[in-house]
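Here are my comments on the structure, set out as numbered points for you to read beside the coordinates.

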Amino acid sequence: MRLGVVIVTHNRLNLLQECVNACLSQTIKFSKIVIVDNASTDGTRGYLKSVNGINGVFLKNNIGGAGGFYEGLKSLSLGELDYVLFIDDDAILEKKYNEKISPFLTGEQDAFSGTVLTDGNIQYEHRRFLSENFGQRNSTKENYVGRFFDYDLATFCGLYVSTKLIEKIGLPRKDFFIWFDDTEYSIRISRFCKIRNINDAKLNHKTVLSQELGYSWKSYYSIRNQYVVIKAYFPRELLKYRLKCYLRIIGGVVLAIVKRDKYYKNVSNMYKDAIFDAKYGRMGINKKYVFGYDLRGKDEDSICRR
């Protein structure tokens, strides 16, 4: 079985080195390792050129995780591989990750994943179930009792997809920039098969999915891209989502007046920008909503995930 991996990185050299070492140390080797450098400025380019056995894709601009996975897959000759793994630079595969998944790669199933851990604890939100009205629920402890379970939505954290399925459904949407690109891709996968999680195949995800209170610049992409996904795949739910966004817009204006806090006005404007950009197809990066833009007017100390 010929296995490939696409890794997207941006200015996290220490994590990337650990990620690459884990990929090179697999008991069942990758046939091809592609690393997409999203215009890093921390020495990543020099490091990648110094490591044997990997293929670097060097981008002139940071086009986000969505664009990174698009360019990484685009660079592959899919006919030379059977399955491709998607991971970010903060995903550290256990040494037997490929070995644990390989027995299931019989050609009868086209999408697989492993169990995502952070500090030894399962991160259930990486594997989710989808309902007909775009309702989502995380996997639970019970799902990980047996050898595997089938589900609907995966993050790009340890997801294997067969090249024959990639040829059918195409590449990820690069114009999402960040967030919901993996959800949209999972929905395309679900048109052909469930995703099967192999419980004993594990990886350590060193970044906990954001649970921060309030909104940040990244929220713009979540709002916009979610609108696009609902419009494309769940059109009956679009009116409900639009009403929810309009209430956020109105609520933000009211709270800004009542609390005399510009933060709420900025949130209102962000919702307005996101839904109108989605409605009129203005995708990709929005130069207003980038790392460093803080809705509260303070320096943001969080780190861009990609």
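Which residues in H7 meet which residues in H9?

1. The model is predicted, and the helix pair just named is a convenient place to begin. On the side of H7, the residues in contact are Ser219, Tyr220, Ile223, Arg224, Tyr227, Val228 and Lys231, while H9 contributes Met270, Tyr271, Asp273, Ala274, Ile275, Asp277, Ala278 and Lys279. Taken by class, the residues of this contact divide into 9 nonpolar, 1 polar and 5 charged.

2. As for the geometry of the pair, the axes of H7, which spans residues 219–233, and of H9 come within 8 Å and cross at roughly 35°. The crossing in which H7 passes H9 is right-handed.

3. The search for enclosed space covered the whole structure and returned 1 cavity of 30 Å³ or more. The space in the largest cavity comes to about 50 Å³, and its lining is made up of Tyr227, Arg242, Tyr246, Ile275, Phe276 and Lys279. Two elements, helix H8 (238–259) and helix H9 (262–279), give two or more residues each to that lining, and the largest share, 3 residues, comes from H9. By class, the lining of the largest cavity holds 4 nonpolar residues, no polar ones and 2 charged ones. Points 1 and 3 should be read together, for Tyr227, Ile275 and Lys279 take part in the contact of H7 with H9, and Tyr227, Ile275 and Lys279 are also listed in the lining of the largest cavity.

4. Is helix H6 largely enclosed by the rest of the structure or largely open? Of the 10 residues of H6 (residues 181–190), 9 are buried, and the helix is therefore largely enclosed by the rest of the structure. The buried residues are Asp181, Asp182, Thr183, Glu184, Tyr185, Ser186, Ile187, Arg188 and Ile189, a list in which a reader may wish to look at the side chains of Asp181, Asp182, Glu184 and Arg188, which count as charged.

5. Phe180 belongs to the loop between helix H5 (163–169) and H6. Its phi is near 70°, a positive value in a residue other than glycine. Why does Phe180 count as buried? Its relative accessible area is 15%, and buried means under 20%.

6. A positive phi is also found at Ala39, where the value is near 60° in a residue other than glycine. Ala39 lies in the loop between strand S2 (32–37) and helix H2 (44–50), and Ser40 lies in that loop between S2 and H2 as well. Ser40 has a relative accessible area of 14% and is therefore buried, the cut-off being under 20%.

7. The loop that holds Ser40 can be related to the one between strand S1 (3–9) and helix H1 (13–24), where Asn11 is found. Leaving aside neighbours within four places in sequence, Ser40 is in contact with Thr9, His10 and Asn11, and Asn11, on the same terms, is in contact with Ser40, Thr41 and Asp42. Two C-alpha separations add to this picture: Ser40 and Thr9 are 31 residues apart in sequence and 7.8 Å apart in space, and Asn11 and Asp37 are 26 residues apart in sequence and 8.5 Å apart in space. Whereas Ser40 is buried, Asn11 counts as partly exposed, because its relative accessibility is 32%.

Technical notes. Residues numbered from 1 in each chain as written. Predicted model: local features only at pLDDT ≥ 70, side-chain atom pairs only at ≥ 80, totals over all residues. Heavy atoms only, no water. 1 Å grid on protein atoms, 1.4 Å probe; cavity = no way out; pocket = protein on both sides within 12 Å on 5 of 7 lines; lining within 4 Å. Points joined across faces, edges and corners; volume = space filled by probe spheres on them. Helix = DSSP H or I, 4+ residues; strand = E, 2+ residues; numbered from the N terminus. Axes fitted to C-alpha atoms, helices over the stretch in contact; angles between N-to-C directions. Left-handed = near helix turned anticlockwise from the far one by under 90°. Contact = heavy atoms within 4.5 Å. Buried < 20%, exposed > 50% of the residue type's maximum accessible area, 1.4 Å probe, protein only.
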